[in-house]
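Welcome! Here are some exercises to work through with the structure open in front of you. Try each task yourself before reading its solution.

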Amino acid sequence: MINVEALTFHYKTTPVFENFNWQAQSGDSWAVLGPSGCGKSTLLALLAGLRFPSAGKVRINGEILKRPRPHTGLILQDYGLLPWATVRQNAGLGLAVRAFYGADGIHAPRELSRNLPVESWLERLGLNAMADKYPAQLSGGQRQRTAIARTLALQPDLLLMDEPFSSLDAPTREALQTLTMELVAEHGLTLVMVTHSIEEAALLGRKILLLNEPPNHAAHVIENTSAGKPGYRDNAEYQALCRELREKM
Ligand code: ADP
Ligand code: MG
């Protein structure tokens, strides 16, 4: 699904990535873990087609990425909801934009559909009772669930998340981590979630890509095949992995 080939990327002089190779298979759940400033958000922007390599290539399904793909979903920490639109309107926003511009973002507008298939997503994300409220009336967790509904309504095959739960309280974060794992399994998504939290990486990443102080040369990958199994949070294997990651970070 994702092939990063001999990637070099720099903003200024010091490269963030230098001759960096990494692959992700379709259906994998990856956590990208590393300290602040190591290049996690930069990698996600390169995978999203929002930034481009200084040298080397990023391929998705074999194609060199030249612009954002319609089937890549991107979820950020600060939700990106429109304050003047309700939960239902925010959740339907991506669909409304797609209906207007066409799936490739290039072709002529089609007529805006009034019955966008957003209700089933509101239901799945537990937002029915909130559908007519505005973002300011919601908790952080409800806002992030609205952003997830908006993204998944576009039926992505690749979901990119940049520290999506880091501003939420612990119980809300845990509930959304579990929900994310369920949604990824239900829809067969490929997930790349960026986090600086060792626990979050160990919980969600069936594979963990460890980044360090730039420049990143080799991809350090840790297998974590038990991630996502029920009760993994209380498992000795999970705790041993957290210790290992803490030592390596
Ligand atoms: P992370 O998400 O892991 O915290 P980033 O990918 O945001 O790290 O940043 C990686 C490095 O690139 C950091 O040293 C950061 O200061 C630098 N950087 C990030 N964005 C820019 C930018 N727009 N211009 C210049 N340097 C940047
Ligand atoms: Mg970041």
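Before starting, one definition: helices (H or I, at least four residues) and strands (E, at least two) are DSSP runs, numbered from the N terminus. Also keep in mind that this is a predicted model.

**Exercise 1. The chain as a whole**

Task: Find how many helices and strands the chain has, and work out how its radius of gyration compares with the globule rule.

Solution:
- Step 1. Going through the chain gives eight helices and 10 strands.
- Step 2. The radius of gyration is 18 Å, close to the 18 Å that the globule rule gives for 249 residues, so the chain is as compact as a globular protein of that length.
- Step 3. Along the principal axes, the C-alpha atoms fill a box of roughly 50 × 45 × 30 Å.
- Step 4. Turning to the inside, buried residues make up 46% of the 249 residues.
- Step 5. For contacts between residues at least 6 apart in sequence, 68% join residues at least 24 apart.

**Exercise 2. Surface and charge**

Task: Describe the exposed area of the chain and the balance of its charged side chains.

Solution:
- Step 1. About 12,200 Å² is exposed by the chain, and carbon and sulfur atoms supply 51% of this area.
- Step 2. The chain carries 25 positive and 25 negative side chains.
- Step 3. The centres of these two sets lie 4 Å apart.

**Exercise 3. Two cysteines**

Task: Decide how many disulfides the whole structure has, and whether Cys38 is buried or exposed.

Solution:
- Step 1. A disulfide needs two cysteine sulfur atoms within 2.5 Å.
- Step 2. A search of the whole structure finds zero such pairs.
- Step 3. For Cys38, the nearest cysteine sulfur belongs to Cys242 and is 17 Å away, and Cys38 is in no disulfide.
- Step 4. Cys38 has 0% relative accessibility and counts as buried. Cys242, with a relative accessible area of 5%, is buried too.

**Exercise 4. A helix and what follows it**

Task: Find out how many of the residues of helix α1 (residues 40–48) are buried.

Solution:
- Step 1. Buried means under 20% relative accessible area.
- Step 2. The residues of α1 that pass this test are Lys40, Thr42, Leu43, Leu44, Ala45, Leu46, Leu47 and Ala48.
- Step 3. That is eight of the nine residues, so α1 is largely enclosed by the rest of the structure.
- Step 4. Just after α1 comes Gly49, with a positive phi of about 75 degrees.

**Exercise 5. The loop between β9 and β10**

Task: Locate Asn212, list its contacts and look for a cis peptide bond.

Solution:
- Step 1. Asn212 sits in the loop between β9 (207–210) and β10 (220–223).
- Step 2. With 28% relative accessibility, Asn212 is partly exposed.
- Step 3. Leaving out residues up to four places away in sequence, Asn212 touches Pro35, Cys38, Lys248 and Met249.
- Step 4. Pro215 is also in the loop between β9 and β10, and the peptide bond from Pro214 to Pro215 is cis, with omega near 0 degrees.

**Exercise 6. Positive phi outside glycine**

Task: Place Asn61 and Gln155, and state the phi of each residue.

Solution:
- Step 1. Asn61 lies in the loop between β4 (55–60) and β5 (63–64); its phi is near 50 degrees.
- Step 2. Gln155 lies in the loop between α5 (140–152) and β7 (158–162); its phi is near 50 degrees.
- Step 3. Asn61, at 47% relative accessibility, is partly exposed, while Gln155, at 63%, is exposed.

Methods:
Residues numbered from 1 in each chain as written. Chains lettered and ligands numbered in written order. Predicted model: local features only at pLDDT ≥ 70, side-chain atom pairs only at ≥ 80, totals over all residues. Heavy atoms only, no water. Rg over C-alpha atoms; globule rule 2.2 N^0.38 Å. Buried < 20%, exposed > 50% of the residue type's maximum accessible area, 1.4 Å probe, protein only. Contact = heavy atoms within 4.5 Å. Areas by Shrake-Rupley, 256 points an atom, 1.4 Å probe, with all protein chains shown as cover. Lys, Arg positive; Asp, Glu negative; His and termini not counted. Charge placed at Lys NZ, Arg CZ, Asp CG, Glu CD.
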